Structures are given as C-alpha cells and as structure tokens.
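Visitor: I am new to this one. Could you walk me through it?

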Amino acid sequence: MRRAFLLLQLVLVAIVFAPAMAEERDAVFDNVIGKMCFRDLLRDSGWSLNGPWERAAFVIQNADGSIACQCWPSKHSYLAETFNGFVPARTIAIVHTHPVAYPRPSEQDKLEATRLGIPIYVLSIEGVHKEVPGADRETTIAKRQAWIRQVPNKAPSGLAAAAP
C-alpha cells in the first residue's frame with residue numbers, strides 16, 4: 001500500500017513539473033544581469049504604461065563570458081526606438097520595450113532579427129517574447145510580470161553590472 005502511494009506521488013510530481021522542466025532555458029533571460037537589464041529597461045519605459053514610448057538596449061557578451069547591457073539613447077519616438085551608428089562588437093541580442101497595448105514582437109522586429117542575425121527580445125508588463133532570426137514565430141520567455149519580483153536589486157559580486 002505504501003509503495004503504491006509513493007508511486008502515485010511520483011506520477012503526480014512528473015505530471016505537474018514535466019512541462020516546466022521541458023521549457024527551453026534562455027541564456028540571456030535566465031542570467032541575473034540579463035534579467036536586471038530587462039527589468040531596468042521596462043522600468044525606464046514606465047512599465048510599458050507610460051504611453052507609446054519604447055526603450056532599447058544591446059545585450060553584449062564580454063570577453064570573460066559575462067553579459068552587459070548598453071542602453072540606446074532615448075529618442076521618445078512614437079511606437080519605435082532607433083539607434084544610429086554601429087552595432088557594438090560582441091552584441092548577442094537586442095532588447096526593447098513595447099507599450100502594453102502591443103506586447104508581442106512586430107513584423108519589423110522579426111525582419112530585424114533576421115537581418116541582424118541576432119535575437120530580439122520584446123518586453124512589456126504582459127510578458128517577455130523573443131524573436132529568433134529565421135524562426136516562424138516568436139518564443140514566449142515569460143508570461144505577465146511575475147519575473148520582475150525575482151530580479152535582485154544588485155548584481156552578485158563578480159558579475160558585470162548592467163549599464164543604466
């Protein structure tokens with residue numbers, strides 16, 4: 001009887017946790033500095049509630065393997081953010097916010113990811129989405145804003161801090 005109960009518990013654990021364990025991990029989002037960058041960018045955009053303005057940054061992988069965030073100068077453009085100049089060396093992704101009314105990547109985000117050959121992350125309080133170069137559809141990295149509460153206020157020592 002006890003063995004059957006234990007087996008039933010194991011089956012229930014597998015049913016409950018299997019979908020979470022099967023989720024693809026994301027090297028940028030799952031990184032403490034990456035999450036700090038995402039949170040700070042979303043905060044600077046007014047949590048995507050402050051009108052149709054966007055904020056953006058390059059995600060750069062340093063020579064030691066750590067990542068850093070280089071924010072774009074804000075132009076306060078309507079439903080857009082632009083960067084004039086060269087993409088920094090070792091850029092592995094671009095991250096930008098969207099207003100809450102448009103939480104998913106746009107067609108332009110998809111085209112830019114493919115053109116640049118790097119992922120583009122889109123943030124809003126509705127979630128985090130990732131457009132991968134050449135992919136048929138975006139990947140949902142996080143739903144809603146619950147992940148924001150899990151982000152530390154300060155980077156653990158030894159990690160490169162995200163640039164504001």
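What follows is a short set of questions and answers on this predicted model.

Visitor: In what order do the elements of the protein chain run from the N terminus on?

Guide: The protein chain holds three helices and six strands. Read from the N terminus on, their order is α-α-β-β-β-α-β-β-β.

Visitor: How much of the protein chain counts as buried?

Guide: A residue is buried when its relative accessible area is under 20%. The protein chain has 164 residues. The share that counts as buried is 37%.

Visitor: What share of the exposed area do carbon and sulfur atoms supply?

Guide: The protein chain exposes about 10100 Å². Of that area, carbon and sulfur atoms supply 58%.

Visitor: Among contacts between residues at least 6 apart in sequence, what share joins residues at least 24 apart?

Guide: A contact here means heavy atoms within 4.5 Å. Take the contacts in the protein chain between residues at least 6 apart in sequence. The share that joins residues at least 24 apart is 58%.

Visitor: Strand 1 and strand 2 pair, but in which sense?

Guide: Strand 1 covers residues 56-61, and strand 2 covers residues 67-71. Five bridges link them. One of the bridge partners is Ile67 in strand 2, matched with Gln61. The sense of the pairing is antiparallel.

Visitor: Which residue in that hairpin takes a positive phi?

Guide: Five residues sit between the two strands of the hairpin. One residue of the hairpin has a phi near 95°. That residue is Gly65.

Visitor: Trp47 and Ser48 are not glycines, so what sign does phi have in each?

Guide: Most residues other than glycine have a negative phi. Trp47 has a phi of about 60°, and Ser48 has one of about 65°. In both, the sign is positive.

Visitor: Is Ser48 buried or exposed?

Guide: Ser48 lies in the loop between helix 2 and strand 1, and Trp47 is in that loop too. Trp47 has a relative accessible area of 31%, so it is partly exposed. Ser48 has 3% relative accessibility, and the cut-off is under 20%, so Ser48 is buried.

Visitor: Why does Trp53 count as partly exposed?

Guide: Trp53 is in the loop between helix 2 (32-44) and strand 1. Partly exposed lies between the cut-offs of 20% and 50%. Trp53 counts as partly exposed because its relative accessibility is 35%.

Visitor: Which residues make a nonpolar surface patch with Trp53?

Guide: The patch spans about 440 Å². Trp53 is one of its members. The partners of Trp53 are Tyr78, Leu79 and Tyr102.

Terms used:
Residues numbered from 1 in each chain as written. Predicted model: local features only at pLDDT ≥ 70, side-chain atom pairs only at ≥ 80, totals over all residues. Heavy atoms only, no water. Pairing = 2+ DSSP bridges. Helix = DSSP H or I, 4+ residues; strand = E, 2+ residues; numbered from the N terminus. Patch = residues over 30% accessible without salt bridge, like charges linked within 9 Å, V, L, I, M, F, W, Y side chains within 5 Å. Areas by Shrake-Rupley, 256 points an atom, 1.4 Å probe, with all protein chains shown as cover. Salt bridge = Lys/Arg side-chain N within 4 Å of Asp/Glu carboxyl O. Buried < 20%, exposed > 50% of the residue type's maximum accessible area, 1.4 Å probe, protein only.
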